[in-house]
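Please walk me through this structure in the viewer, one selection at a time. For each stop, say what to select and what is there.

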Amino acid sequence: MCTKVDNEEIIILSDDDDDEDDITCSEPSVLIVEVEDVKKNGTSCVCFAPTCLYVWVDDVINSHQLLFLSVSDCPLTSSALDEDLVVTFSRRAEVLPHARYDCPIHPFTATDDETIGPVAGNQLICDQCFCYICDKLASTCVMWFHRGVCHCNSHKRSMFWNNLRNGALLGELQSFNLTLSEMDAHLRLAETMLQRFKQELAARFSSFMEGKNLEEYGLSLPNQQAFIYDYTPVYELVSSFLDEADKQDGRAAAIMRLGATDYFIRHIQLSGNFILKSPMANVADAKVVLLQRVISSMQRQMVTADFTTEFSFKLQDFYKKLLFPSELKSLRNSLCVRPWDDVLLVSVLKGQNVSGVRKDKGKKDILTEQISIVLLRTEVLQQQRRYRELCRYLRVVLADDSNLLQQVRDLIPFFLCMEGDFTSALHSLFTSVSAPASRFTPPLFHFYLSIFETATAPKLVVSQPAQLCYSNAAWEPIKGAVPLPRDVQVKFALRVQRCCSAVFTDSQCWTTLLTVVNAPRGSLTAIPAPSPQFLHEAKNVVNSILPKEPSSNIQIPRFFQEVYPDQALLLLVTGALGLRILNSALSPALPVLNTFKENVWALEWLWDSLSSSAERLSSFLQEVTQELENTTGSPEAVRLYFSQVLRCQLADSLSH
Ligand SMILES: [Zn+2]
Ligand SMILES: [Zn+2]
């Protein structure tokens, strides 16, 4: 069997697992030979021929026997490598711990499932014999030759004894279908805690079942023996156990949560008696709260913990088999969560599937998930900065809550920004029937404008757009992104104003946008006035540029920006402001008008464009005058300036 001896290599001489049906158990299961280097004739040389062989005998419960063999001591040439070994001397080594059926001292007689009493001499043990069931020294096994339940006949080739061993070693965890190889110290601890919890819970529940006299609650009912059934103490016990689970290692926590659920979900309310009105006094109500807590923790683990797919499926199976009362049946599938390596999910994330539907052998698989799972995946993918994949996922996934799904989908433009892809972000803000930009709030408008202006963004993990605006997170440069040109920022802003009335009507949004065009690149000096001809022609051009439809794009003709680029943009936004003022009252108007600062020519151009509706212009000027009188905050110089301008304009408009 051993044909090639390599330096330091371990050779398996024999493996009897496949070919032995009868078990005398005097045969070891695996033999491993270690080869040692030797020195010859004072010169150091590595001899490939072994001089001594240590033969290890290995069995399932990690017990070992060491046998020592001495091999012919004559110098061996390399040609001897292929020769059979000659054993000239052997002696039995120290006996290491072993399962009783592997005992080299006492012969073992195997039977299938004999528990009545010892078969032949199976009860005999040496001081290294282990009980196969208890996994401890046979001398300490209290069942060793206990009539009816004795362990001394146990061995690994019987289904009966293996099941018994699994039961003994897995305990409460057997119902999770776990194998011994999956067990670790954390799971053993979870098992112990579950057992203790089970006993405490039984005691607490039975005292609930007994009920309490009304008098204990300071109540009384004449001539009637009445009891109050208060589930609160049971609820509290389960809660504190779940708190305990939260502190444990991931797999142990999962086992504890589900194990506890298995117990409390069976609890029933006693009817026909008094129930306290306190929230957790009622069994059904308390169970819903507890179960939802378990589901929420478990779903988080299923998505965020690095459980193996096999372990996840075991948890899911266990959960599905719980005894759900009818009112909780709808939660039975709550833990059916696609693993991250699910074929459809992976193909969607990688961009190979853009429909979210997969046909497999005639069966249709649609990417539908619970909204809670969608939110968890959104969280994980943001943390891992996998924004591109996240967008692909959100575009196709279906969920049970369309409102929440809409909110998280509205974040796609933000995720594309974080990816550094402003072009796609802009596109996604306005495409689709319900464009995310149409649901903007003024703060959200400012948020995006800042991103486009600075190519920086706060590092956030969010699940709805509102969270973007109210965070204290520091803004950091977006990798690979450069600020958008000002004309693109302006086009973005004008499109938002066209499709979102909240932004269109908000005076602050106009102030922000006008600041961008009145002070290009933060300049404090006035923009020189363009030629009167340009100012005149600009009216028609601006009208043709401004979007007519909420969804239409904005094109700024190249010639318009050729000679007076800064002036052109300022007039474009001023034209839009004119339309805004004609539309309805703008309040407050002063901060908006203040943005024009020294660019009086643009303000005059505005009055001019407003003159098409003398009535509205007049009322607007009155609104502003009123505001001036009521405002104490604006600097005296500005107030004086506007007072002058307005008085002239007012007189002018009234004289028409
Ligand atoms: Zn023994
Ligand atoms: Zn035992």
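Select Pro588 in this predicted model. Pro588 sits in the loop between H20 and helix H21 (590–594). Show the backbone from Ser587 to Pro588: the peptide bond there is cis, with omega near -5°.

Next, go back along the chain to H20, residues 565–583, and add helix H17, residues 507–518. The two helices pack at an angle of about 155°, and their axes are 9 Å apart. At that angle H17 counts as roughly antiparallel to H20. Their crossing is left-handed. To see the contact, display Trp510, Leu513, Leu514, Val517 and Asn518 on the H17 side. On the H20 side, display Leu569, Leu570, Val573, Leu577 and Arg580. By class, this set has eight nonpolar residues, one polar and one charged.

A second helix pair is H4 (residues 250–264) with H6 (residues 309–320). Here the packing angle is about 10° and the axes lie 11 Å apart. H4 is therefore roughly parallel to H6. Select Arg251, Ala254 and Leu258 in H4, then Phe311, Leu315, Phe318 and Tyr319 in H6, which they meet. This contact of H4 with H6 has six nonpolar residues, one charged and no polar ones.

Now move to helix H1, residues 159–170, and select Leu170. Is Leu170 buried or exposed? Leu170 has 20 C-beta neighbours inside 10 Å, so it counts as buried. Leaving aside residues up to four places away in sequence, Leu170 touches Leu178 and Met183. Add Leu187 as well: Leu170 and Leu187 are 17 residues apart in sequence, and their C-alpha atoms are 9.1 Å apart in space.

From there, select Asn177, in the loop between H1 and helix H2 (185–210). Asn177 is not a glycine, yet it has a positive phi of about 65°. With 14 C-beta neighbours inside 10 Å, Asn177 counts as partly exposed.

For another residue with a positive phi, select Lys361; its phi is about 50°, although Lys361 is not a glycine. Lys361 is placed in the loop between E12 and strand E13 (363–366). Lys361 is exposed, because 4 other C-beta atoms lie within 10 Å.

On the other side of E12 (357–360), the loop that follows helix H7 (343–349) holds Gln352. Gln352 has 9 other C-beta atoms within 10 Å and is exposed. Select Arg392 together with Gln352: the two are 40 residues apart in sequence and 9.8 Å apart in space, C-alpha to C-alpha.

The next stop is a sheet. Select strands E6, E7 and E8, which form an open sheet in the order E6-E7-E8 with mixed pairing. E6 (98–99) and E8 (136–137) are the edge strands; each has a single partner strand, so one side of each is left without a neighbour in the sheet. E6 and E7 (residues 129–131) run parallel and are joined by two bridges. To find one partner pair, pick His98, whose bridge partner in E7 is Cys129.

Finally, zoom out to the whole chain. How many helices and strands does the chain have? The chain has 24 helices and 17 strands. It contains 656 residues, of which 31% count as buried. Of the contacts between residues at least 6 apart in sequence, 64% join residues at least 24 apart.

Technical notes: Residues are numbered from 1 along each chain as its sequence is written. Chains are lettered from A and ligands numbered from 1 in the order in which they are written. This is a predicted model: local features need pLDDT of at least 70, side-chain atom pairs count only at pLDDT 80 or more; totals for chains, interfaces and linings use all residues. Axes are lines fitted to C-alpha atoms, for helices over the stretch in contact, and angles run from 0 to 180 degrees between N-to-C directions. Helices (H or I, at least four residues) and strands (E, at least two) are DSSP runs, numbered from the N terminus. Angles under 35 degrees count as roughly parallel, over 145 as roughly antiparallel, 65 to 115 as roughly perpendicular and the rest as oblique. Two residues are in contact if their C-beta atoms, placed from the backbone, lie within 7 Å. Ala, Val, Leu, Ile, Met, Phe, Trp, Tyr, Cys and Pro count as nonpolar, Asp, Glu, Lys and Arg as charged, and the others, Gly among them, as polar. Two strands pair if DSSP finds at least two bridges between them. A crossing is left-handed if the near helix is turned anticlockwise from the far one by less than a right angle, and right-handed if clockwise. A residue is buried if 20 or more other C-beta atoms lie within 10 Å of its own, exposed if 12 or fewer, and partly exposed in between; C-beta atoms are placed from the backbone.
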